[in-house]
Amino acid sequence: MPELPEVEALTAFLRADAVGRVLTRADLAAVQAIKTFDPPLSALGGLEITGAGRHGKFLDLDVSGLHLVVHLARAGWLHWRENLPAAPPKPGKGPLALRVHLDDGNGFDLTEQGTRKGLAIYVVRSPSEVPGIARLGPDALEVDRDTFARLMAGRSGQLKGALTDQTLIAGIGNAYSDEILHAARLSPFKMADKLSDDELVRLHDAVRATLTDALERQVGQRAATMKGEKRSGLQVHARTGLPCPVCGDTVREVSFADTSLQYCATCQTGGKPLADRRMSKLLR
């Protein structure tokens, strides 16, 4: 799933390659992806792209005051295309959700792999009209330590869920929450409102360091190479069975109904493996 560093890097990429161009046409290929009807998607045609921004994990393209807002969900991505074909794509064929044409003949495709479709496209007059944006908590890269501590203290749940709750803190998903907890040497099942002062400092520092490092590696990459750059920097996420780069212990996994998390028992849980079931309790 694209998270804060990838969406911010895509934003920077679009600022460099799309801002200043005229959006000549937007072809919808997956009807279920569009979530708004007023203004219509066709209203973007003929308008200049004047800015690109990010709200949590939402990508926001400012098109002369209208906003094309995209949430890439779990398996969505943006592919830059040169010399796009003039013929509109056939709806419902393959992973293509939206094709955006620019006045220089280039443009980009929004695609989503797999059968579970979650990619969402909005055309709005203000980003705040998008329900997911209206509910966002403070941005993970902007929240200060005191605010972070108050947010954790008011959350009665496990750290993994707290970090990925976009209404609490915006921008962190499954992959970087695993990385942050590993860097902070904290169990994903530790309760958010039970953190000591030292643990709060470690966790906040890990959030900033992990996301900043990922962002520095992503910004400047072409859209086609960002996913590979993300994978290359991961310490525990998606590395089940491999040695932890810090201590050498085997990276373990806890599976849920539709997702999983990875962690290092030596670094994070005092050497005790977590039970691999949905209702696992914190191993103290």
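The following exercises, with worked solutions, concern the pockets, nonpolar cores and one helix of a predicted model.

**Exercise 1.** Determine which residues lie nearest the centre of the largest pocket and how its lining divides by residue type.

*Solution.*
Step 1. The volume of the largest pocket is about 800 Å³.
Step 2. Its lining comprises 28 residues, and those nearest the centre are Met1, Asn174, Ala175, His237 and Thr259.
Step 3. By type, the lining consists of nine nonpolar, nine polar and 10 charged residues.
Step 4. Elements that each contribute at least two lining residues include strand 5 (76-81), helix 4 (159-164), helix 5 (174-184) and helix 7 (226-232).

**Exercise 2.** State which residues line the second largest pocket and how they divide by type.

*Solution.*
Step 1. The volume of this pocket is about 200 Å³.
Step 2. Its lining is formed by Met1, Lys57, Phe58, His71, Ala73, Gly132, Arg135, Leu136, Gln166 and Thr167.
Step 3. Four of these residues are nonpolar, four are polar and two are charged.
Step 4. Met1 appears in the lining of the largest pocket and also in that of the second largest.

**Exercise 3.** Identify which helix gives the most to the largest nonpolar core, and which residues Leu14 contacts beyond its sequence neighbours.

*Solution.*
Step 1. The largest nonpolar core has 35 residues, and those with the most contacts inside it are Leu14, Leu44, Leu68, Leu78, Leu98, Phe108 and Leu110.
Step 2. The greatest contribution to this core, five residues, comes from helix 1 (residues 4-17).
Step 3. Once neighbours within four places in sequence are set aside, Leu14 is in contact with Val19, Ala52, Leu59, Leu61, Leu78, Trp80 and Phe108.
Step 4. A second core, separate from this one, has 27 residues, among them Leu141, Ile172, Leu181 and Ala184.

**Exercise 4.** Establish why helix 5 is described as largely enclosed, and which elements its buried residues pack against.

*Solution.*
Step 1. The criterion for a buried residue is under 20% relative accessible area.
Step 2. In helix 5, the residues that meet it are Ala175, Tyr176, Ser177, Asp178, Glu179, Ile180, Leu181, His182 and Ala184.
Step 3. Because nine of the 11 residues of helix 5 are buried, the rest of the structure largely encloses this helix.
Step 4. Its buried residues pack against helix 1, helix 4, helix 6 (197-218), helix 7, strand 10 (260-264) and helix 8 (265-268).
Step 5. Just after helix 5, Arg185 adopts a positive phi of about 60°.

Definitions and conventions:
Residues numbered from 1 in each chain as written. Predicted model: local features only at pLDDT ≥ 70, side-chain atom pairs only at ≥ 80, totals over all residues. Heavy atoms only, no water. 1 Å grid on protein atoms, 1.4 Å probe; cavity = no way out; pocket = protein on both sides within 12 Å on 5 of 7 lines; lining within 4 Å. Points joined across faces, edges and corners; volume = space filled by probe spheres on them. Helix = DSSP H or I, 4+ residues; strand = E, 2+ residues; numbered from the N terminus. Nonpolar A, V, L, I, M, F, W, Y, C, P; charged D, E, K, R; others polar. Core = buried A, V, L, I, M, F, W, Y, C linked by side-chain atoms within 4.5 Å. Buried < 20%, exposed > 50% of the residue type's maximum accessible area, 1.4 Å probe, protein only. Contact = heavy atoms within 4.5 Å.
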